[in-house]
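Let's take a walk through this structure together, starting with a whole chain and ending at one helix. Have a look at the picture first.

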Protein chains: 2
Amino acid sequence: MAETFLVVGGDAAGMSAASKAKRDDPDREVVVLERGEWVSYGACGLPYYVKSEIDDLDDLVAIPAERFREERDIDLRTGHEATAIDPDTRTVTVETDERTDTQSYDELLLATGARAVAPPIDGLDRDGVFTLQTMEAGRELKEYVDAPAGDTVGIIGGGYVGIELAEAFRGRDLDVELFEMRSHVLEPFGSEVGETVADELRDNGVAVHTDTRVERVAGEDHVTAVITPDGEHAVDAVLVAAGVQPRVELAESAGIDLGPTGAIATDEYGQTNVESVYAAGDCAEMTHAVTGQPAHVPLALTANRAGRAVGATVGGDPTPVGEIAGTAVLKAFDLEVARTGLLENEQLREAGFDPVSVSITAASRAHYYPGGSEIEITLVGDADSGAVLGASMVGEEGVAKRIDTVAAAIQGKMSVTDLEYLDLSYAPPFGPTWDPVLTAAKVLGSKLS
Amino acid sequence: MAETFLVVGGDAAGMSAASKAKRDDPDREVVVLERGEWVSYGACGLPYYVKSEIDDLDDLVAIPAERFREERDIDLRTGHEATAIDPDTRTVTVETDERTDTQSYDELLLATGARAVAPPIDGLDRDGVFTLQTMEAGRELKEYVDAPAGDTVGIIGGGYVGIELAEAFRGRDLDVELFEMRSHVLEPFGSEVGETVADELRDNGVAVHTDTRVERVAGEDHVTAVITPDGEHAVDAVLVAAGVQPRVELAESAGIDLGPTGAIATDEYGQTNVESVYAAGDCAEMTHAVTGQPAHVPLALTANRAGRAVGATVGGDPTPVGEIAGTAVLKAFDLEVARTGLLENEQLREAGFDPVSVSITAASRAHYYPGGSEIEITLVGDADSGAVLGASMVGEEGVAKRIDTVAAAIQGKMSVTDLEYLDLSYAPPFGPTWDPVLTAAKVLGSKLS
């Protein structure tokens, strides 16, 4: 009998693993259990669906379920929830609306993803309170925006989802009150970027409240106000965008170890402490390229890559899941905003580094070429080793892919001097002769030496 | 008495060196001899001046001569031509319109640049024949375009200057006939890019003649036609853009060695075979990161960087000039066109590699995000070592800075697998989840393994 590769979770990590394992080892039986109805969907596109730049929720699906079944010969079972794992008998308990069953496996991948964090705020059970972690949540939010109860939406959380939705709501002519409990929005991008983005939000009509912890969401049945220490802010709906947390209950109940971040601990092949059980994607830890330590940065590329690697390993070719650099980018109205590596001094000192940083402003085009704008770059290096540790960037153009140069430098274990010596592209429409990254490295290098 | 650092040539390499040496060692006397009147100018901007996107030639000047003299205390002598070097007495013969003088030096930098190649074509001495290597040449071409003798310009050479000027001429409503003797335009970018760019040129009304060697430029006094084996092409002016060659006569006559490329040979600090004589910029060789061998790729960043390094070395801090990856980018109408490393099979085999390449097409944005376009990428790796050797890219957006990721991989001596594992940025407006570079690396990796 063919061996069975069982995958729990049918999004990026799960479907990447299933597809790769089946391609590399066509004789293997590959079964995917997905609780919901959607598979292989691009949750990152939901803000643009809410904004009405994308017409149909189906457009976000990379590969429809039928194609996995028919073209890739994957036994994809939607509406099937894995509720327990017995590692001794290598079986998983599966529940559907109709019945409870048992599915055996030879190898198991947990790709259970993450859920929206529910912050400790009273009143989040009222009508008119939304999140945006699932396709269903996206549909509900879009339906609300198409027929809103009033003009104003409150957003709890100034991370990338909060900011992308602020843009979406403004694009739908709604007023936005955004509440961030920290001193600036986009915390993992550093304070310089956070302040520039807050200005951009304000320029686009978003009321930004930083250092503001939401105490309570008020209203009878339907939400009517967000209550903060500053007072009451009238709203007609609330979006909670307070981050995500890994879905680890299934793993925990089976005795699978979690790591220091609270996500599932894995080795370099994505394997957990339990034999033949892997974890990948938003539910799992990865190794951070800067610290060499476990990190939980739930992003789409990581999920796809780790899933694919597990699929290759299961398919017979042991393949590491790789390291992450924590590279991220988002669009915030007319700005491109990006980061990579580690930026936060305290975190870096705890990891044994002696961080030194510089912030510079450079032009996105040659000084004489029309239409240019400014790019702000913060670059962080280690005073001891000279290594590049992290960077953030913000500007109207030329940011999204410029951050990748620093990501490559970090994963290539380059020093700030190595970065300064990169032979980067130059033509007047695309940058100054010394690329802004090189200028930042030059300035940081002189501070480090 | 203070030591004298003498610089011959007042553009990118020369002025970078002069500025850096003076900053690091303010007591040093720094003298710059410049034949012409322009210093520190951005010749790369000339096509956009011809196109009238830049109003004034002065706009191309990064730092005016007065500022070098007054703010940086550099003894900058325009209209001064160095005509001979005597390394034994450490003196240079200097000619001006009025007289001939001798200038002594302790350290000497040759930053004599490059000149436009005059191809072996009869009739290039006729009126209406232009080049675009100097500011004066740019001024003359602009004056012509402002009051052209007729509607049609012939361009001899389909390199980046030829293509940038095809765009400029079309932007000024002139008809363009472009002649390239090789089988495709933009030879160092590879045939895939060359063909895509030729299509873009044709779509924008440029008549592109590849595989077409110009035999003769015809006309009484003023040019009237370009004669090729195919026949006669009526033109009212001709731009010769057949590449550049290093200005090495001054060096040669002083017994300074040239390298295999015909440019001045230098060591890792930019020093020539003659003690205390350096060379940097378009007249000098650099070490190529892929081959470790001397290469001549005269581009602006290289000149700035090497000049600055020589200035630092002279100023007391020995600083390598670094390696080049041959990274280049240009705008060709609505396309961004980029390259890095080595792409050409024959050249790579001669250098001891076993090149394998793939060409892929990927999307510039997530499949569902509006406004995306296609990016074509060719990626070359070494079958023996797995190393990344080169890449080219072309597309309407997201190309100019995406090439830098591959440049970083090459200079970081990464393998194709290392490149595939980079944690590059992703958000729907800026690319697919797997960045096109990662997809290319994935496809190439499977071919190499």
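A residue counts as buried if 20 or more other C-beta atoms lie within 10 Å of its own. Keep in mind that this is a predicted model. By that yardstick, 57% of the 449 residues of chain A are buried.

What about the overall build of chain A? Its C-alpha trace spans about 70 × 55 × 40 Å along the principal axes. A compact globule with 449 residues would have a radius of gyration near 22 Å, and chain A comes out at 23 Å, so the two agree. Inside, you'll find 12 helices and 26 strands. Take the contacts in chain A with a separation of 6 or more: 65% of them come from residues 24 or more positions apart.

Now for the domains. The domain assignment splits chain A into domain 1 (4–115 + 244–324), domain 2 (118–240) and domain 3 (334–443). Between domain 1 and domain 3 of chain A, the C-alpha centres are 33 Å apart. Where these two touch, five residues of domain 1 are in contact with seven of domain 3. The domain 1 side of that contact has two nonpolar, two polar and one charged residues.

Finally, hop over to chain B and find helix α12 (residues 436–448). Its 13 residues should span 18 Å at 1.5 Å a residue, and the end C-alpha atoms are indeed 18 Å apart. Of those 13 residues, 10 are buried, so α12(B) is largely enclosed by the rest of the structure. Among the buried ones are B:Val437, B:Leu438 and B:Leu444. Their cover includes strands β24 (355–363) and β25 (374–382), plus helices α10 (403–411) and α11 (416–420), of chain B.

Definitions and conventions:
Residues numbered from 1 in each chain as written. Chains lettered and ligands numbered in written order. Predicted model: local features only at pLDDT ≥ 70, side-chain atom pairs only at ≥ 80, totals over all residues. Domains from an automatic or database assignment. Nonpolar A, V, L, I, M, F, W, Y, C, P; charged D, E, K, R; others polar. Helix = DSSP H or I, 4+ residues; strand = E, 2+ residues; numbered from the N terminus. Expected span 1.5 Å × (residues − 1). Buried ≥ 20, exposed ≤ 12 C-beta atoms within 10 Å, placed from the backbone. Rg over C-alpha atoms; globule rule 2.2 N^0.38 Å.
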